[in-house]
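Okay, thanks for making time, everyone. Let me put this one up on the screen and we'll walk through the ligand and then the cysteines.

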Amino acid sequence: MNCCTIKIVGSYLSPYVRKVLVCLEEKGVAYEVDPIVPFYGNDQFKQISPLRRIPVLIDDNGAISDSSVICEYLEECYPTPALLPGDPAARAKVRWLEEYADSHMGDVFIWRMYNEVIIKKYVWLQEPNLEVLSHAKNKEAPEILDYLESVVPAAGFIFGQLTIADIALACFFRNALFAGFQIDAKRWPKVQQLVSTLLQRPSFTKLQRWEDLSLKTPIAAHHQALKSAGAPISNDSYGGPTPIRAN
Ligand SMILES: N[C@@H](CCC(=O)N[C@@H](CS)C(=O)NCC(=O)O)C(=O)O
């Protein structure tokens, strides 16, 4: 399949955008980013993302939403290196862990941690709900880590080779860190080892510079600040001036 001039719409701070960008980096595919914070999408944004969510991939074939759909598309367009195993049973297990990360880890790490600490403060100018945050950090996140510790091997990637499951899991620990949550290496040594190995891969470290810059820059200035610092930023943007709630 011929895919070219790939644009990814979505902030470097989103774990779902990060998952797509890491896949592109691992596969050595060139791309540019329109780094909008999703709530700030303009009227045209709704046309390419009916749920007003990021990421969106745009190329010569049109716009595609949802990080898992996008990553599968990339896997088909750029099969090497493969991020899904060949065996159907192993592929299914990889997809389950990707889904577990995107849905359940998303609920806890994004909507009950990162949302309380970062999104509420910088997008909606609200105080965090400390009860929600504390429950997420002290009850829900440890349950996730207990589960992950039971599926992660003593060494190496979960399925031997690097897969989209490893990438998806690691992406959420960046946002957990932004919200002040770190993995306790004594309690969850295998997960700590895997996540730290992943976050040190060039595909992740290359993005961390742009994540850190986004975190310390006012939202309205993200596009220009990232472009000036040398990130691969698009000339045009689906960003708008004020935040809109999708529902
Ligand atoms: N299942 C979607 C989830 C995407 C998602 O929830 N993205 C968040 C940003 S981290 C978003 O756009 N939220 C805006 C909203 O919920 O209004 C995917 O994998 O792409």
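So, start at Ser-67: an N or O atom in the side chain of Ser-67 is 2.6 Å from a ligand oxygen. That's a polar contact, meaning a pair of N or O atoms within 3.5 Å. Asp-66 has one too, with a side-chain N or O atom 3.0 Å from a nitrogen of the ligand. For Ile-54 the partner is in the backbone: a polar atom there is 2.9 Å from a ligand oxygen. Alone, the ligand exposes 510 Å², and the protein buries 84% of that (Shrake-Rupley, 1.4 Å probe).

Quick housekeeping. This is a predicted model, where local features need pLDDT of at least 70 and side-chain atom pairs count only at pLDDT 80 or more, while totals for chains, interfaces and linings use all residues. Numbering runs from 1 along each chain as its sequence is written, and side-chain values use heavy atoms, with hydrogens and water left out.

Back to the ligand: 13 residues surround it, each with a heavy atom within 4 Å. Tyr-16 and Arg-53 are among the closest. The shell splits into eight nonpolar, two polar and three charged residues, with Tyr and Cys counted as nonpolar and Gly as polar.

Now, how many disulfides does a search of the whole structure find? Zero, with the cut-off being two cysteine sulfurs within 2.5 Å. Why no bond at Cys-23? Because its closest cysteine sulfur, in Cys-71, is 3.6 Å away, too far. Cys-171 is also too far for a bond, with its sulfur 8.0 Å from the closest one, in Cys-23. Cys-171 is buried at 0% relative accessible area, where buried means under 20%.

Note on methods: A polar contact is a pair of N or O atoms within 3.5 Å; within protein, one must be able to donate a hydrogen and the other to accept it, and residues adjacent in sequence count only if both atoms are side-chain atoms. Buried means under 20% relative accessible area, exposed over 50%, partly exposed in between (1.4 Å probe, protein chains only).
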